[in-house]
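Please look over the structure shown below before reading the report that follows. The account moves from the packing of the interior to the strands, and then to the backbone and the cysteines.

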Amino acid sequence: MQVNGGTTLTPEAPTSPNIPLTSHPLCLSFPHRLPNPDEQKDFLGQMFCTLGEIIGSTGSRLEKTLSGIPGKKCGCIVFSAEELSNCRDIATMQLCANKLDKKDFFGKSDPFLVFYRSNEDGTFTICHKTEVIKNNLNPVWQSFTLPVRALCNGDYDRTVKVDVFDWDRDGSHDFIGEFTTSYRELSRGQSQFNVYEVLNPKKKGKKKKYVNSGTVTLLSFKVESEYTFVDFIRGGTQLNFTVAIDFTASNGNPSQPTSLHYMSPYQMNAYAMALKAVGDIIQDYDSDKLFPAYGFGAKLPPDGKISHAFPLNSNMDDPNCVAIEGVLEAYFQSLRSVQLYGPTNFAPVINQVARCAADMTDGSQYFVLLMITDGVISDMDQTKEAVVNAAGLPMSIIIVGVGPAEFDAMEELDGDEVRVSSRGRSAERDIVQFVPFRDYIDRSGNQVLSMARLAKDVLAEIPDQLLSFMRSRAIEPRPAVPASGSQSHSTATTTSTSISSIAKGRNTHA
């Protein structure tokens with residue numbers, strides 16, 4: 001389901017969000033969105049409705065009043081809903097322009113393109129905006145990628161309208177001209193058919209000698225299939241789940257109720273709850289259900305040697321535990337045999353998993369390392385270097401922070417805003433996801449719901465991270481495993497909606 005929204009306050013309506021069918025209420029707020037990301041965005045208003053209201057309205061078209069600014073009329077927004085096609089191709093294209101009209105008094109023009117998909121009701125919806133090229137009448141825009149269904153909803157002959165604007169700082173961008181095309185025309189690639197005259201209807205009506213306001217040329221056009229996380233799981237890609245648990249002394253004496261490792265006879269501690277919440281979901285994607293499990297920051301018997309990657313089952317040759325219950329059993333056994341110590345070093349266990357991932361880069365396996373810790377990282381520089389190196393491998397890292405400590409360093413590793421870098425190299429992918437466990441403590445006492453929320457958030461980025469690795473290595477999913485195959489593959493396939501639906505859930509918030 002795709003919802004197209006346009007406000008009456010500005011011709012630059014937001015692009016269409018893809019929203020799964022749900023009965024949950026939608027809250028949408030509308031800033032004044034400019035093509036230049038460095039510019040400030042002014043709040044224009046907000047509204048509340050359910051998706052059902054939009055779909056159930058006449059013609060799947062709903063008009064709502066915006067509010068949110070006291071004493072000011074904020075205008076209204078019109079929604080129209082259209083069912084998405086199953087087309088999963090993505091198109092990558094690049095365009096340039098020649099001899100565009102000069103619009104700026106002291107300069108030339110600052111052109112950018114706006115692509116519109118035509119809707120079933122004859123209206124148009126923005127599906128892409130290019131970047132602004134400053135002071136140039138012959139711009140060459142960067143190549144960009146967008147889903148074919150966003151461009152034409154799988155209808156190759158549906159009209160695609162393109163407007164050419166001159167960017168202005170105050171948002172009152174000057175209209176240079178427009179042209180129309182279609183996916184079918186664009187798919188011809190660079191040719192005489194894909195040189196478009198940019199026409200300004202007002203100028204054409206006023207000036208007899210008017211020819212055009214410049215031309216736009218398609219430089220390249222490429223179409224690829226957009227594979228999903230589920231495609232790879234169905235094709236047999238296995239998620240190899242590894243656990244690493246913090247055994248440093250800052251956790252407190254495990255025999256004391258104040259310890260984060262306290263083994264209460266009545267309920268699981270934070271480490272065990274986080275491990276079970278995440279592990280119960282991810283184990284369905286691993287056919288053998290054997291999970292390497294490590295501890296770090298403890299003194300080991302009999303000589304008291306400090307280790308930052310010791311197997312919880314005490315088997316140096318085979319650190320695997322059978323299923324999540326086996327990991328929990330080995331964890332509790334280690335608490336009884338090792339001495340909590342320190343420091344909190346992450347790099348050794350990250351490198352341990354990375355060595356395994358380096359041997360399996362063909363797309364058949366993807367490694368997920370869950371690290372549960374209570375404190376500040378002692379080897380931050382080495383950890384950054386380990387993360388940068390691991391970013392080029394089929395690997396993701398989940399960090400769950402337990403206890404009351406500040407986790408600023410963990411936020412730095414979670415490269416959602418700024419990529420992790422080390423020695424002048426930046427991570428080629430964002431592979432770290434951090435969440436503080438304390439944000440998921442349900443004060444009402446409903447641990448089932450709070451742990452489900454924890455699992456949802458820590459696993460949310462895994463599908464995109466797996467796909468980013470596969471794309472970077474041009475790996476395609478293998479043919480789907482037949483339904484008559486092994487029970488383990490069948491389980492992984494039938495439960496593959498668990499993580500993939502978590503990923504989709506992030507995009508339902510407008």
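## Nonpolar cores

A nonpolar core is here a set of buried Ala, Val, Leu, Ile, Met, Phe, Trp, Tyr and Cys residues joined through side-chain atoms within 4.5 Å, where buried stands for under 20% relative accessible area. The model is predicted, and under that definition its largest nonpolar core has 54 residues, with Phe241, Phe247, Val400, Phe437 and Leu454 making the most contacts inside it. Helix α6 supplies the largest share of this core, namely 9 residues.

Phe437 illustrates how the packing is made up: leaving aside residues up to four places away in sequence, Phe437 touches Ala270, Met273, Ala274, Val400, Gly401, Val402, Met451 and Leu454. Two of these partners, Val400 and Leu454, are themselves listed with Phe437 among the residues that have the most contacts in the core. A second core, separate from this one, has 32 residues, including Tyr294, Phe367, Met380 and Ala427.

## The buried strand β14

How many residues of strand β14 are buried? The count is 9 of the 9 residues in the stretch 238–246, so strand β14 is largely enclosed by the rest of the structure. Gln238, Asn240, Thr242, Ala244 and Asp246 point one way from β14, while Leu239, Phe241, Val243 and Ile245 point the other way, and all of these residues are buried. Phe241, which belongs to the second of these two groups, is also one of the residues with the most contacts in the largest core.

Strand β14 runs parallel to strand β21 (residues 365–373), to which 8 bridges join it, and within this pairing Phe241 has Val368 of β21 as its bridge partner. Strand β14 is also joined, by 4 bridges and again in parallel, to strand β15 (residues 290–296), where the bridge partner of Ile245 is Gly295. Between β14 and β15 the chain passes through helix α6 (residues 270–282), and the resulting β-α-β crossover is right-handed.

## The antiparallel sheet

A separate heading is given to an open sheet of 4 strands, whose order is β9-β6-β13-β12 and whose pairing is antiparallel. Its edge strands, each paired on one side only, are β9 (144–147) and β12 (195–197). From one strand to the next the twist averages 35 degrees.

Within this sheet, strand β6 (residues 89–98) and strand β13 (residues 215–225) are paired in the antiparallel sense over 10 bridges, and Met93 has Phe221 of β13 as its bridge partner.

## Backbone exceptions

Most residues other than glycine have a negative phi, and most peptide bonds are trans. Against that background, the bond between Pro301 and Pro302 is cis, with omega at about 5 degrees, and Pro302 lies in the loop between β16 (298–300) and β17 (305–307). A cis peptide bond also joins Gly342 and Pro343, where omega is about -5 degrees, and Pro343 is placed in the loop between β20 (339–340) and α8 (347–358).

Positive phi values occur at Lys99, where phi is near 55 degrees, and at Ala474, where phi is about 55 degrees; neither residue is a glycine. Lys99 lies in the loop between β6 and β7 (111–118) and is exposed, with a relative accessible area of 63%. Ala474 lies in the loop between α12 (462–472) and α13 (487–494), and Ala474 likewise counts as exposed, at 67% relative accessibility.

## Helix α12

Is helix α12, which Ala474 follows, largely enclosed or open? Of the 11 residues of α12, 8 are buried, so the helix is largely enclosed by the rest of the structure. The buried residues are Ile462, Pro463, Gln465, Leu466, Leu467, Ser468, Phe469 and Met470, whereas Ala474, just after the helix, is exposed.

## Cysteines

How many disulfides does the model contain? Taking a disulfide as a pair of cysteine sulfur atoms within 2.5 Å, the count comes to 0. Cys74 is buried, with a relative accessible area of 3%, and Cys152 also counts as buried, at 0% relative accessibility.

Conventions. Residues numbered from 1 in each chain as written. Predicted model: local features only at pLDDT ≥ 70, side-chain atom pairs only at ≥ 80, totals over all residues. Heavy atoms only, no water. Pairing = 2+ DSSP bridges. Axes fitted to C-alpha atoms, helices over the stretch in contact; angles between N-to-C directions. Buried < 20%, exposed > 50% of the residue type's maximum accessible area, 1.4 Å probe, protein only. Right-handed = clockwise from strand over helix to strand, strands pointing away. Contact = heavy atoms within 4.5 Å.
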